[in-house]
Amino acid sequence: MKNQEIARLFNEIADLLELKGENPFRIRAYRRAAMQIEGLPKDVSSLSEEELIKLPGIGQDLAGKIKEYISTGRLGLHEELRKEFPATFLTLLQVPGLGPKTAKLVYEKLRIKSLDELEEAAKSGKLRTLPGIREKTEENILKGIEFLKRGSERKPLGRVLPLAMDILDSIQKKAPVKDIAIAGSLRRWKDTIKDIDILVTSTRPEEVMKVFVHLPHVKDVLAKGTTKSSVVTSEGIQVDLRVVEEDSFGAALQYFTGSKAHNIKLREMASKKGLKINEYGVFRESDNKKLGGKTEEEVYKVLGLPWIPPELREDTGEIEAALEGGLPDIVSYEDIKGDLHVHTKWSDGSHDFDTLIKAARQRNYLYIAITDHSKGLGVAKGLDEERLLEQIKIIDEINSRLTGFKLLKGVEIDIRSDGKLDLSEDVLKRLDIVVASIHSGFKQSKEQLTKRLLSAIRNPCVSVIAHPTGRLIGERDAYQVDMEAILKEAKKQGVAFEINAYPMRLDLNDHHAKMAKEYGVPIVISTDTHLTQHFDYMRYGVSIARRGWLERKDVLNCLEYEELIRRLRRCP
DNA sequence: GCCGTTTTCGGCCCGACTGTTTTCAGTCG
């Protein structure tokens, strides 16, 4: 799938055009198109030119460029633009606080073309010889470079959310605030987060700001104004705080939740109706009369729209769907009836059955599936046929004693490098659920990995494919696999795909989840629990499902036990 | 470069903060 590649190229073209000082709207067109393609739940290569043009933000010209890249593997415009600047130059734009204008200036006046050269020039005071740059700007650029070197990459949602809640708590305790909410990509539950946005209402904004910049979490203050401040925490995460009046809370929340693309589209719609939306409310252009803004619902309502869940606000069709009354009724945490990927002491989990049952019942679950590793995973004390048969016997006994709760007999079986499973079919036949996954040989080619997964999907005993891309956020990239091919086969064979809720995995991701839905592949959301606390990761998995537009009917572990058993594919 | 119940040309979201200025450009979200 070339979607990501083309999105990256278009973004880079936008950067380069920006450096050249080109028409900002042309630049925006490339960025919009990049986002559109990135969020597309199917392979761009599979679309005809006519179909491409139908996509919002893509016209004759960009459709042609997409086709050009798909058929030749190159993009003329991109190559032309790259010739005008040295290869290392684009990294300069990643320095926070340094934009295209300044980048171009330092290149043209000082021939600076890399981060190292920029750092050197800033340290030696050469930058301040340029117009508009003095000591302070030099300092900020050095800070920016340091930030970049320390690793400014996006952080896993599961690591940022607890920090955000902690900061929220501190503000609430120490500052004179009334309403307080998380906004931004965190409220949209994006799987990785760049910064934390917090919104509060207060009648004493200056005091709130003072408290905020002096919180113990704060390492550096980037900006401090009367209604808006930005800081960096000791973990290197930027936190933005915004104060508004109560009457504007909804408008501000809507605005700061984004996404940017979603908001731009709303504002365009508004201006066509003679309205203006900003963070203070919705206003009639003619007389500046305020028509709403206390709640988010008001903002959407004046545009003739129902409230849209934050997870959907990516401008990937949600506004059009809302206009037609066709928004999906997305799955929620309360819909989840059980967890289908749980490890015990028998392999590398930490608990016995009773502890897990108790923890699951506390979460109002009706069942969990015991899915310990199979023998191939020696490091995790994987079960061989004999031990698995023993476990099956014990689970049967436990089930006969339980009321209103069931343990599913299962296994997380290793897909070997040749695509075969590492336990015999005789044993698998006795299970309720067989979760198959890859734990080794990630470096195989895309063809090999795809073949391996296809072979597992075609095995008649497999119920679910777990964490199918193997990514570990911030540690290991997803391995290359032909997602379309494996989803197609899964649909054909009746195999479900897992959204692994473990915060470092979140695999499938949101795009893949949406693709799975388009292909009609059933989904399970599982936590891969090794410790009882891991059950609480379910919310992260649900957030991926929500971002993928999944509804309750698309998710197998929203079903009651009997129906679930009926729907899970098993050995014939 | 896209797009059209105001338009096939002329629009294109909106505002806060900083630094270097003395009224504003650049950057960011």
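**Close-up views of a predicted model**

The structure holds one disulfide (a pair of cysteine sulfur atoms within 2.5 Å). This is a predicted model, in which local features need pLDDT of at least 70, side-chain atom pairs count only at pLDDT 80 or more, and totals for chains, interfaces and linings use all residues. Residues are numbered from 1 along each chain as its sequence is written, chains are lettered from A and ligands numbered from 1 in the order in which they are written, and side-chain values use heavy atoms, leaving out hydrogens and water.

**View 1. The disulfide of C461 and C571.** Here the two sulfur atoms sit 1.9 Å apart. The link is right-handed, with 120 degrees about the S-S bond. It ties together distant parts of the chain, 110 residues apart: C461 is in the loop between α19 (446–458) and β15 (464–465), and C571 is in the segment after α23 (561–567). Helices (H or I, at least four residues) and strands (E, at least two) are DSSP runs, numbered from the N terminus. Both C461 and C571 are buried, meaning under 20% relative accessible area, with exposed over 50% and partly exposed in between (1.4 Å probe, protein chains only).

**View 2. Helix α1, residues 3–19.** The end C-alpha atoms of α1 are 24 Å apart, which agrees with the 24 Å expected for 17 residues at 1.5 Å a residue; the expected span is 1.5 Å times one less than the number of residues. Among the buried residues of α1 are I6, F10, I13 and L17. Their cover includes α2 (24–38), α4 (60–72), α5 (76–84) and α6 (100–110). Just after the helix, G21 takes a positive phi of about 75 degrees.

**View 3. A175 in its loop.** Look between α9 (157–174) and β2 (180–183) to find A175. A175 is buried, with a relative accessible area of 7%. Leaving aside residues up to four places away in sequence, A175 touches V208 and V211, where contact means heavy atoms within 4.5 Å.

**View 4. The protein beside DNA strand B.** Of the 50 residues around the strand (a heavy atom within 4 Å), R28, G59, T102, Y255 and R267 come nearest. Sugar or phosphate accounts for 77% of the strand's atoms within 4 Å of the protein, and bases for the rest. A polar side-chain atom of Y280 lies 2.7 Å from a phosphate oxygen of DNA strand B. For Y30, an N or O atom of the side chain is 3.2 Å from a phosphate oxygen of the strand.

Note on methods: Polar contact = N/O pair within 3.5 Å; in protein donor to acceptor, adjacent residues only side chain to side chain.
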